[in-house]
Amino acid sequence: MKKKISKNYKIQNKPFINGLIYKGKIKKSIKRISPSSSYKLPNLYICEEKEVNLAVQTAKDSFQQGVWKNYSANKKKKIFFKAANLIKKEIKEISLIDCL
């Protein structure tokens, strides 16, 4: 059974850095087309050195601050259960995006 993708369906395709969608200007992208339906997919943006360095630096900062490692096992469990529930709630959308 084929599922028709709405023309209004918005797929986020910019980098996700430090918990936020990157708002900077990205110059290069790859055009994509679904091989099964010839449906035009959103462009895939290519990060340059500036975006990669920002992502690496924010990851290092987060690691060095030690926030996650200092959480109790109970707090980590709550975070994982919340993530699992969000995944269950949005499983159809996640599955669609995964197939694209």
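This note sets out numbered points on a predicted model, taken region by region.

1. Aromatic pairs. A pair of aromatic rings is described by the distance of the centres and the angle of the planes. With ring centres required to lie within 6.5 Å, the model contains 2 aromatic pairs. In one of them, the ring centres of W68 and Y71 are 5.8 Å apart and the planes meet at 70 degrees, so this pair is edge-to-face. The other description concerns W68 and F80, where the centres are 5.6 Å apart and the planes stand at 85 degrees, so that pair is edge-to-face as well. The contact between W68 and F80 links distant parts of the chain: W68 belongs to helix α2 (residues 67-70) and F80 to helix α3 (residues 73-89), with the two residues 12 residues apart.

2. The aromatic cluster and its exposure. W68, Y71 and F80 form one aromatic cluster. How do its members stand with respect to solvent accessibility, buried or exposed? F80 has a relative accessible area of 54% and is therefore exposed, the cut-off for that class being over 50%. W68 has a relative accessibility of 39% and counts as partly exposed. Y71, at 28%, is likewise partly exposed.

3. Charges over rings. Y71 also takes part in a contact with a charged group: the charged end of K75 sits over the ring of Y71, at 4.5 Å from the ring centre. A further arrangement of this kind involves K14, whose charged end sits over the ring of Y45, 5.7 Å from the centre of that ring.

4. The hairpin of β3 and β4. Strand β3 (residues 28-33) and strand β4 (residues 40-46) pair in the antiparallel sense over 5 bridges. Two residue pairs give the register: R32 has L41 of β4 as its bridge partner, and I30 stands opposite L44 in β4. The two strands form a hairpin with 6 residues between them. As to accessibility, 0 of the 6 residues of β3 are buried, so the strand lies largely in the open.

5. The turn residue S38. Most residues other than glycine have a negative phi, and most peptide bonds are trans. Where, then, does S38 lie? S38 is placed in the loop between β3 and β4, and its phi is positive, about 60 degrees, although the residue is not a glycine. With a relative accessibility of 60%, S38 counts as exposed.

6. The loop residue N18. A positive phi in a residue other than glycine also occurs at N18, where the value is near 60 degrees. N18 is located in the loop between β1 (16-17) and β2 (20-21). Its relative accessibility of 57% places N18 in the exposed class.

7. Helix α1 and its end. Does the span of α1 agree with expectation, and what is the expected value? At 1.5 Å a residue, the 17 residues of α1 should span 24 Å, and the end C-alpha atoms are 24 Å apart, which agrees. The count used for the product is one less than the number of residues. After α1 comes G66, whose phi is positive, near 70 degrees.

8. T58 within α1. T58 lies in helix α1 (residues 49-65). Its relative accessible area is 16%, so T58 is buried, the limit for that class being under 20%. The side chain of T58 reaches the backbone oxygen of A55 at 3.0 Å. Leaving aside residues up to four places away in sequence, T58 touches I17 and N18.

9. Q57 and the approach to N18. Q57 is also placed in helix α1, but with a relative accessibility of 40% it counts as partly exposed. The C-alpha atoms of Q57 and N18 are separated by 9.4 Å, while the two residues are 39 residues apart along the chain. N18 is therefore described here in two relations to the helix: a contact with T58 and a C-alpha separation from Q57.

Terms used
Residues are numbered from 1 along each chain as its sequence is written. This is a predicted model: local features need pLDDT of at least 70, side-chain atom pairs count only at pLDDT 80 or more; totals for chains, interfaces and linings use all residues. Side-chain values use heavy atoms; hydrogens and water are left out. Rings of Phe, Tyr and Trp (its six-membered ring) pair if their centres lie within 6.5 Å; planes under 30 degrees apart count as stacked, over 60 as edge-to-face and the rest as tilted. Buried means under 20% relative accessible area, exposed over 50%, partly exposed in between (1.4 Å probe, protein chains only). Helices (H or I, at least four residues) and strands (E, at least two) are DSSP runs, numbered from the N terminus. A charge sits over a ring if NZ of Lys or CZ of Arg is within 6 Å of the ring centre and within 35 degrees of the ring normal. A polar contact is a pair of N or O atoms within 3.5 Å; within protein, one must be able to donate a hydrogen and the other to accept it, and residues adjacent in sequence count only if both atoms are side-chain atoms. Contact means heavy atoms within 4.5 Å. Two strands pair if DSSP finds at least two bridges between them.
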